[in-house]
Amino acid sequence: MEENNITEIVTEIELEDVQEITVTLSETPSEEGETQKIPDEINLLPLREVVIFPVVVAPLGVGRENSIKLVNESMVGGNRLIAVSCLKDPSIENPGIDDVYKIGTIIAIRMMAQVPEGIRLIVQGVQRFEILEAVQTTPYLRVKVRAITEPTVSEEELLEIEALRRSVGEQFKRIVALSSDLPDEMGNLPDNVTDAGVLTDLIAAQMPRLTYQERQEVLATLELKPRMTRLMVLLGREAQLLELGNRLQSEVANELGKTQREYYLREHLRQIQKELGEGDDRTQEIEELRAKIEAAEMPEEPKHEAERELDRLSRMNPASPEYNVTRTYLDWMIAMPWHKSTKDNLEIKSVKACLDEDHYGLEKIKDRILEYLAVRKFKQDGSVRQPILCFVGPPGVGKTSLGRSIAHAIQRKFVRISLGGIRDEAEIRGHRRTYIGALPGQIVQGIKRAETNNPVFMLDEIDKVNSDFRGDPSSALLEALDPEQNTSFRDHYLDVPFDLSNVLFITTANMLDTIMPPLRDRMEIIELAGYTEEEKVNIAKQHLVPKQCDEHGITGRITFRRDSLRYLVQHYTREAGVRNLEREIASVCRKATRAFAEGRYQSLLVTPKAVREFLGVPRYEREDALTRVEHPGVVTGLVWTPMGGDIIFIEAMAMSSHGRPPSLTITGQLGEVMRESAQAALSYVRAHAKEIGAPSDFYETHDIHIHVPAGAIPKDGPSAGITMTTALASLFSGRLAKPLLAMTGEVTLTGKVLPIGGVKEKVLGARRAGIKTIILPERNRKDVMEEVPKEMHKELTFVFVSDVSEVLKIALEPALSKPSEGKRVKTSLEPTVTEMIPAIPTMH
């Protein structure tokens with residue numbers, strides 16, 4: 001990289017020297033006073049952002065090894081002439097002939113000194129030249145040149161050239177008077193130099209504000225008149241800029257003078273008030289607030305608003321009600337963390353270890369957080385778009401605690417607000433200050449509590465936000481949860497923009513149906529299905545048992561066997577999460593603590609028998625899935641609820657119509673969609689009665705009643721279509737449904753089975769109820785492969801169907817020899833209760 005730079009321009013040039021150089025324009029004096037012709041081939045030294053004009057004396061620093069060699073070899077034999085030309089691009093490390101301007105200057109080396117960093121030269125420009133071709137490129141450039149003589153001025157142009165010389169001189173004198181960079185003595189230059197060409201080059205070299213491109217443009221203009229005209233334009237622009245800058249400085253000085261005068265008067269007023277014993281405390285309070293506003297590092301608009309309110313406060317009577325309102329507003333503005341943030345922990349391994357320590361499973365959410373941190377780690381410059389995550393799942397699966405764990409893992413502050421039951425928009429965006437007792441919204445309050453502008457902000461239960469005449473809080477959340485808009489979130493109370501783009505928002509919900517579509521579209525949905533039985537046992541072993549033992553003070557004195565935890569999960573809880581499981585473990589710990597206190601035990605190993613002793617008769621048995629389908633018309637289905645998946649029984653009954661037109665009765669508090677599924681199922685069974693094996697006149701002579709138990713619970717959705725069809729086919733044909741088999745899927749009028757949602761939750765619910773075979777739509781095969789844990793594929797048999805006829809072949813037993821008996825013929829393959837739950841006695 002060239003180290004050539006003009007650090008100083010020698011401005012005092014003797015008039016005799018100028019005349020001497022002008023006379024011998026194509027020659028240069030040697031040390032002995034002789035003249036030396038400019039050679040046709042000469043060494044070329046590229047300069048970086050430096051242009052040397054003829055006549056001008058300037059210092060040069062040479063640092064590169066190749067450049068030093070060029071200078072040393074140029075000095076051999078008393079030859080002190082070298083060619084210099086400016087680089088087109090200053091960033092080029094090893095310039096070639098095409099990287100320098102074609103027009104440059106022949107310079108004579110007047111002085112040379114060795115310094116630690118290279119060579120220091122004093123050089124003088126001699127004459128312009130044009131590069132014809134390169135004759136050498138290594139180790140330095142050597143070129144063939146053509147010397148350019150100064151053009152002669154004709155008699156007709158003398159007056160015009162003189163007028164231009166005087167105008168250039170006057171402009172230069174004007175610039176010297178306005179600029180602080182040029183000494184006043186420089187203004188004598190136009191009077192001492194009468195040669196127009198020399199004066200043009202000298203002035204172009206002296207102007208400190210010209211760029212190297214503009215200097216090169218003047219150097220490369222060979223004709224004198226265009227050269228002087230171009231310099232006139234540059235001088236005129238510089239003069240205008242200097243006049244404008246001086247005027248602005250004058251205005252600033254006047255404003256500073258006014259500010260200083262006000263400060264002087266305020267100090268006098270403060271001293272007078274102090275002597276009179278008036279206003280001292282109030283003045284001190286105002287000054288403290290002013291200092292706090294400065295220390296808060298507010299952006300321009302909030303700072304301007306705070307200072308405006310402070311000026312109003314300084315003129316108010318402290319007894320005025322408005323005084324407290326304004327003072328409270330200023331306290332909020334000062335307390336907001338405008339530029340205060342915490343540094344994220346970007347060590348991926350430590351974050352993963354922290355998340356795994358706090359929560360078992362939940363790999364999808366953990367992967368998303370680690371991906372975000374990986375992006376932060378590699379994108380150091382600029383801002384990183386914060387994800388807006390929405391955790392959707394049944395209660396008790398760890399959505400809220402996971403948010404706290406994420407904040408702990410990445411070392412951010414954690415803020416949580418519950419949106420359940422919020423109806424007022426002001427709870428989100430705040431009240432306007434015109435109202436008595438107005439406060440900012442929950443978002444701004446949470447940011448203030450966190451004391452940083454980048455916390456993990458959890459909006460809990462976002463699906464339970466309601467709206468009424470006071471506004472819609474969901475609409476108010478649209479701006480806060482939109483990364484394109486929340487850079488300038490405006491709370492009604494603060495009424496200034498606050499940047500929420502650094503906040504990591506996490507929302508939780510039990511269902512998505514109640515979230516308005518525009519708000520749902522702004523969030524990245526991550527579904528948390530319920531835990532499998534094995535996952536619950538692991539969670540209990542790793543987290544719940546140690547926590548409850550610590551809370552009850554019996555750590556080390558009680559041990560839960562793994563089979564006892566599994567027994568507890570199977571027979572005392574039926575949920576998607578682990579809240580009830582934790583309660584049951586806590587109940588065991590309480591009873592064990594009492595036993596320790598009474599001296600009955602010194603330590604305790606909890607076995608399934610001990611669980612039964614402490615908790616009583618098991619609350620949930622698996623016999624239902626086996627015994628409820630012992631009559632034709634009863635089939636087991638699968639449902640999704642906010643609490644997770646579960647099984648449900650659909651019952652169909654036929655009664656003689658006694659000659660009346662047949663009727664269909666549907667009960668169980670079913671929604672419109674589910675009622676339509678029942679109508680479609682009935683139509684399909686009637687149309688295919690012969691294939692099913694039902695009497696052709698069965699429907700004409702019977703009234704049909706379809707009932708779904710748990711009548712107090714509203715039910716809806718299309719996924720019970722194939723279950724209703726199978727129940728009616730079982731009723732019409734008298735064939736029993738197979739035990740420990742459940743199904744789900746939507747049915748069309750032509751018998752096609754359509755896909756449904758909530759597959760994982762339904763499969764987990766079936767597993768909890770002891771189901772062994774599950775019938776699912778063929779198009780849900782991918783959901784089973786991706787979402788259902790691998791260990792469940794070993795325990796359950798999945799059958800995928802695309803038509804109802806396939807369902808009926810799989811789900812219904814062969815026709816009984818005496819259907820009227822309504823009894824199931826037990827086969828050797830059908831498990832008993834004790835076979836289904838090993839080592840657990842039946843509780844009858």
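How many bridges join β6 to strand β7? Keep that question in mind while the whole chain is brought into view, and bear in mind throughout that this is a predicted model.

**The whole chain**

Begin with everything selected: the protein chain holds 30 helices and 26 strands, and of its 844 residues 47% count as buried. Its accessible surface comes to about 41900 Å², of which 50% belongs to carbon and sulfur atoms. Among the contacts with a separation of 6 or more, 75% are made by residues 24 or more positions apart.

Next, colour the chain by confidence, for which the mean pLDDT is 81, with 88% of the residues reaching 70 or more. Confidence is highest in strand β25 (residues 773-777), at a mean of 93, and lowest in helix α30 (residues 833-836), at 30. Over residues 1-35 the pLDDT is below 50, although this stretch has 72 contacts in the model beyond near neighbours in sequence; residues 817-844 are also below 50, with 41 such contacts. Where pLDDT is low, the predicted coordinates should not be read in detail.

**Antiparallel strands**

Now select residues 103-136 to return to the opening question: strand β7 (residues 118-136) runs antiparallel to β6, and twelve bridges join the two. A hairpin of two residues leads from β6 to β7, and Met 111 has Ile 122 in β7 as its bridge partner. Adding residues 81-86 shows strand β5, which pairs with strand β6 (residues 103-115) in the antiparallel sense over four bridges; here Ala 83 stands opposite Ile 106 in β6.

**A parallel sheet**

Move on to the open sheet of five strands, whose order is β10-β11-β14-β9-β15 and whose pairing is parallel. Strands β10 (414-418) and β15 (524-527) stand at the edges with a single partner strand each, so one side of each has no neighbour in the sheet. From one strand to the next the twist averages 20°.

Within this sheet, select strand β9 (residues 389-392) together with strand β14 (residues 504-509), which pair in the parallel sense over four bridges, and look for Phe 391, whose bridge partner in β14 is Thr 508. Helix α12 (residues 363-378) packs on the sheet, where the helix touches β9 and β15 and its direction makes about 145° with that of β15.

**Salt bridges**

The count of salt bridges comes to 44, and three pairs are worth showing as sticks. In the pair of Glu 41 and Arg 142, the closest N and O atoms are 3.9 Å apart; Glu 41 lies in strand β3 (residues 41-47) and Arg 142 in strand β8 (residues 141-148), 101 residues apart. Glu 41 is partly exposed at 34% relative accessibility, and Arg 142 is partly exposed at 26%.

Arg 128 and Glu 150 meet at 3.7 Å, N to O, and because Arg 128 belongs to strand β7 and Glu 150 to the loop between β8 and α3 (158-178), the pair ties together parts that are 22 residues apart in sequence. Is Arg 128 buried or exposed? Arg 128 is buried, with a relative accessible area of 3%, whereas Glu 150, at 25%, counts as partly exposed.

The third pair is Asp 482 with Arg 522, at 3.5 Å, which links the loop between α16 (473-480) and β12 (489-490) to the loop between α17 (517-521) and β15. Asp 482 counts as buried at 12% relative accessibility, while Arg 522 is partly exposed at 25%.

As a last stop, select Glu 305, Arg 308, Glu 309, Arg 312, Glu 322 and Arg 433, which are linked in a network of salt bridges.

Conventions
Residues are numbered from 1 along each chain as its sequence is written. This is a predicted model: local features need pLDDT of at least 70, side-chain atom pairs count only at pLDDT 80 or more; totals for chains, interfaces and linings use all residues. Side-chain values use heavy atoms; hydrogens and water are left out. pLDDT is the predictor's confidence in each residue, from 0 to 100. Contact means heavy atoms within 4.5 Å. Two strands pair if DSSP finds at least two bridges between them. Axes are lines fitted to C-alpha atoms, for helices over the stretch in contact, and angles run from 0 to 180 degrees between N-to-C directions. Buried means under 20% relative accessible area, exposed over 50%, partly exposed in between (1.4 Å probe, protein chains only). Accessible areas come from the Shrake-Rupley method with a 1.4 Å probe; for residues, only the protein chains shown count as cover. A salt bridge is a side-chain nitrogen of Lys or Arg within 4 Å of a carboxyl oxygen of Asp or Glu.
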